[in-house]
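Please explain, for a first-year student, how the structure shown below is put together. The explanation should lead from the strands to the pocket and then to single residues.

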Amino acid sequence: MSQLLNLYNSAGAEQFTAAVCQFAPYFSTITPQFVDLRAGRAEATVPFRREITNHLGTIHAIALCNAAELVAGTMTDASIPAGARWIPKGMTVQYLAKAKSDVRAVADGSQVAWTEPGDHEVPVDVFDAQGTKVFHARITMNIKID
């Protein structure tokens, strides 16, 4: 089991979120809160705050990208075989609607062949408080199997 997944299971979502934001401080800018983490899935919420809004009064595009990378990375870590490594190589995004409320980012890696080395696309969807999909990302993760 990955160290991140072990930490999530033993410490709980709140302490896990704090630890991840300590390890990678940039994620703290969106004040995320993990809801779920397991092999093949991660989910976190991001509260609507003025600090992450743009000139339109909606959640800034890069804050949405930050949330997507957070759930995709932690889910990848929880999904790959012991001893394997990963690194993000790229991200394509679609802004589908204005995010004017708290959002929920969901990485679904259930269709990814995690035991295969190489590049894998991780889909991430972000939903607003009404359940509308406001953002979609495909993050390319490179997996190295030792």
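Which residue of β6 does D119 stand opposite? In this predicted model, the partner of D119 in β6 is N142. This pair is a useful place to begin, and the strands around it can be considered next.

Strand β5 covers residues 118-128 and strand β6 covers residues 133-144; the two pair in the antiparallel sense over 10 bridges. Another pair of bridge partners joins G118 to I143 in β6. Together, β5 and β6 form a hairpin in which 4 residues lie between the strands. One residue of that turn, G131, has a positive phi of about 90°. Strand β5 also pairs with β4 (residues 103-108), again in the antiparallel sense, over 5 bridges. In β4, V106 stands opposite D125 in β5. Of the 11 residues of β5, 8 are buried, so this strand is largely enclosed by the rest of the structure.

These pairings belong to a wider arrangement. An open sheet is formed by 6 strands in the order β1-β2-β4-β5-β6-β3, with antiparallel pairing. The edges of the sheet are held by β1 (33-38) and β3 (85-95); each has a single partner strand, so one side of each is left without a neighbour in the sheet. On average, neighbouring strands of the sheet are turned by 15° against each other, direction ignored. As a general principle, strands of a sheet pair through backbone hydrogen bonds, in either a parallel or an antiparallel manner.

The chain as a whole may now be described. The protein contains 3 helices and 6 strands, and from the N terminus on its elements run α-α-β-β-α-β-β-β-β. Its C-alpha trace spans about 45 × 30 × 25 Å along the principal axes. For 146 residues, a compact globule would have a radius of gyration near 15 Å; the protein has 15 Å, which agrees with that expectation. Buried residues account for 45% of the 146 residues.

The next topic is the largest pocket. About 280 Å³ of space lies within the largest pocket. Its lining includes L4, V20, F23, L70, D77 and W86. At least two lining residues come from each of α2 (13-23), α3 (61-79) and β3, and the largest share, 5 residues, is supplied by α3. By class, the lining has 8 nonpolar, 2 polar and 2 charged residues. In general terms, rolling a probe the size of a water molecule over the atoms shows where empty space is left.

Two single residues complete the account. T31 is placed in the loop between α2 and β1. Most residues other than glycine have a negative phi. Phi of T31, however, is near 40°, a positive value in a residue other than glycine. With a relative accessible area of 34%, T31 is partly exposed, because this value lies between the limits of 20% and 50%.

Is D36, which is found in strand β1, buried or exposed? D36 has a relative accessibility of 17% and therefore counts as buried, since buried means under 20% relative accessible area. D36 and G12 are 24 residues apart in sequence, and their C-alpha atoms are 9.8 Å apart in space.

Notes:
Residues numbered from 1 in each chain as written. Predicted model: local features only at pLDDT ≥ 70, side-chain atom pairs only at ≥ 80, totals over all residues. Heavy atoms only, no water. Pairing = 2+ DSSP bridges. Axes fitted to C-alpha atoms, helices over the stretch in contact; angles between N-to-C directions. 1 Å grid on protein atoms, 1.4 Å probe; cavity = no way out; pocket = protein on both sides within 12 Å on 5 of 7 lines; lining within 4 Å. Points joined across faces, edges and corners; volume = space filled by probe spheres on them. Nonpolar A, V, L, I, M, F, W, Y, C, P; charged D, E, K, R; others polar. Rg over C-alpha atoms; globule rule 2.2 N^0.38 Å. Buried < 20%, exposed > 50% of the residue type's maximum accessible area, 1.4 Å probe, protein only.
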